[in-house]
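Student: I'd like to learn how to read a protein model, one feature at a time. Can we go through one together?
Tutor: Sure, here it is.

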Amino acid sequence: MPTFHRITWDFGVPEITDLQMDVTVHNDPPGPPGTSAFQIATVFFQLYDFRIFTDLPQFHGRGIYSYHGPQTNVFDANQRRWCGQGLLFSRFESSNPSDVKVVSGCWAEFPSPQQIQAEGGQFLGVRNSLTWGKGAYRFSLSPEKEDSAGIWYDFKGRDLGTGNSVSCGLLRFPTINGRRPLIPNSGSTWIEITPHHLLLADCPFWHVTFDSVLANNGTIPAKTATANYADDQAPAQNSDISLAGMSGALDFRIGQGVVRATPKGTVLSLKL
């Protein structure tokens, strides 16, 4: 499994209304493909995945799954071309164009019949270009508006160095029987590197730090973060999730030279 890390965040409440993360990328993500044995196509840095309404029978225990984050090479299925660095935001259980709003520069993605079969159901998404790499960023997922059918969430990325801000576009999540589609607690951060056969022992070193992981308009900080790893590549274990000193920030490292300091399943208390 290529999701080498998984950080599960706990805000201490069942649901949150919005989410903000400050992310420092200490060095450029692995890739693009070079002359080494580690041939990378894309790195997807998923920030907070979640499932809404997992208790409702029409979703068969899956709920409405969603994920969002920056990617080193975003695909435009409409133009059938790779567009370079950018943002993506997706949700499942709908392919209805009325659940998508595009903004300047972004594009919508709807599945082909083959993709629906491969993914196990309907989905849709929005994409936009954003140059990212070494630097400091603020990512946010927040409700843009609410109508009788549901809540429209907007995923944005801002380069804290240049001030450049980009919206990925908006997706609507449905209100069902009066229940509002709020964001569940205990979402996870993970990375995916393709192609999937690559080994972390061959991966160039990559280091990212999370700070100011906040919900509900900045009023609720994440209280703990649980570290998990996909140890299908053991005994190499070239990955680690650890507290960044005494600041309450969280370091996220993979690749060559990384020695695991935090065991799998460790619950890390964050500074409040």
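Tutor: Let's start with the labels: strands are DSSP runs of at least two residues, numbered from the N terminus. With that in hand, Arg80 can be placed in the loop between strand S6 (75-76) and strand S7 (81-82). Keep in mind that this is a predicted model.

Student: What is the phi of Arg80?

Tutor: Phi of Arg80 is near 55 degrees, a positive value in a residue other than glycine.

Student: Is Arg80 buried or exposed?

Tutor: Here a cut-off helps: exposed means over 50% relative accessible area. Arg80 has 61%, so it counts as exposed.

Student: Which loop holds Asn216, and what is its phi?

Tutor: Asn216 is in the loop between strand S17 (206-215) and strand S18 (220-221). Its phi is positive too, about 55 degrees, although Asn216 is not a glycine.

Student: On to charges. How many salt bridges does the structure hold?

Tutor: The general idea is a side-chain nitrogen of Lys or Arg within 4 Å of a carboxyl oxygen of Asp or Glu. The structure holds ten of these salt bridges. One of them joins the side chains of Asp49 and Arg6, at 3.5 Å from N to O. That pair links distant parts of the chain: Asp49 belongs to strand S4 (residues 42-52) and Arg6 to strand S1 (residues 5-10), 43 residues apart.

Student: Are Asp49 and Arg6 buried or partly exposed?

Tutor: Asp49 counts as buried because its relative accessibility is 9%. Arg6, with a relative accessible area of 27%, is partly exposed.

Student: Which residue does Arg62 meet in a salt bridge?

Tutor: Its partner is Glu93, and the N to O distance is 3.2 Å. Arg62 lies in the loop between S4 and strand S5 (64-71), while Glu93 lies in the loop between strand S8 (86-92) and strand S9 (100-101), so the pair ties together parts that are 31 residues apart in sequence. As for accessibility, Arg62 is partly exposed at 34%, and Glu93 is partly exposed at 27%.

Student: And what does Glu109 pair with?

Tutor: The side chain of Glu109 meets that of Arg127 in a salt bridge of 3.5 Å, N to O. Arg127 sits in strand S11 (residues 123-129) and Glu109 in strand S10 (residues 107-109), so this pair ties together parts that are 18 residues apart in sequence. Both Arg127 and Glu109 are buried. There is also a network: salt bridges that share partners join Asp99, Asp147 and Arg172.

Student: What about cysteines? How many disulfides are there?

Tutor: Zero. Take Cys83, which is in no disulfide: the nearest cysteine sulfur, that of Cys106, is 12 Å away. Another cysteine, Cys203, is buried, with a relative accessible area of 0%.

Student: How do I read strand pairing? Which strands pair with S19?

Tutor: Look for the bridges between two strands. S1 pairs with S19 in the antiparallel sense over six bridges. Strand S22 (residues 267-269) also pairs with S19 in the antiparallel sense, over three bridges. Thr226 in S19 is a good residue to click on: Thr8 stands opposite Thr226, and the bridge partner of Thr226 in S22 is Val267.

Student: How many residues of S19 are buried?

Tutor: Five of the six residues of strand S19 (residues 224-229) are buried, so the strand is largely enclosed by the rest of the structure.

Student: Last topic: rings. How is a pair of aromatic rings described?

Tutor: By the distance of the centres and the angle of the planes. The count here comes to 22 aromatic pairs. Among them is Phe92 with Phe123, a tilted pair at 5.6 Å centre to centre, with 40 degrees between the planes. Phe92 is in strand S8 and Phe123 in strand S11, 31 residues apart, so to read this pair is to read a link between distant parts of the chain. Phe92 is buried at 12% relative accessibility, and Phe123 is buried at 7%.

Student: Which residues do ring pairs link into a cluster?

Tutor: The cluster holds Phe11, Tyr48, Phe50, Phe89, Tyr137, Phe139, Tyr153, Phe155 and Phe173.

Student: Which charged residues sit over the rings of Trp152 and Tyr229?

Tutor: The charged end of Lys101 sits over the ring of Trp152, 4.8 Å from its centre. Arg260 lies over the face of Tyr229, at 3.6 Å from the ring centre.

Definitions and conventions: Residues are numbered from 1 along each chain as its sequence is written. This is a predicted model: local features need pLDDT of at least 70, side-chain atom pairs count only at pLDDT 80 or more; totals for chains, interfaces and linings use all residues. Side-chain values use heavy atoms; hydrogens and water are left out. Helices (H or I, at least four residues) and strands (E, at least two) are DSSP runs, numbered from the N terminus. Buried means under 20% relative accessible area, exposed over 50%, partly exposed in between (1.4 Å probe, protein chains only). A disulfide is a pair of cysteine sulfur atoms within 2.5 Å. Two strands pair if DSSP finds at least two bridges between them. Rings of Phe, Tyr and Trp (its six-membered ring) pair if their centres lie within 6.5 Å; planes under 30 degrees apart count as stacked, over 60 as edge-to-face and the rest as tilted. A charge sits over a ring if NZ of Lys or CZ of Arg is within 6 Å of the ring centre and within 35 degrees of the ring normal.
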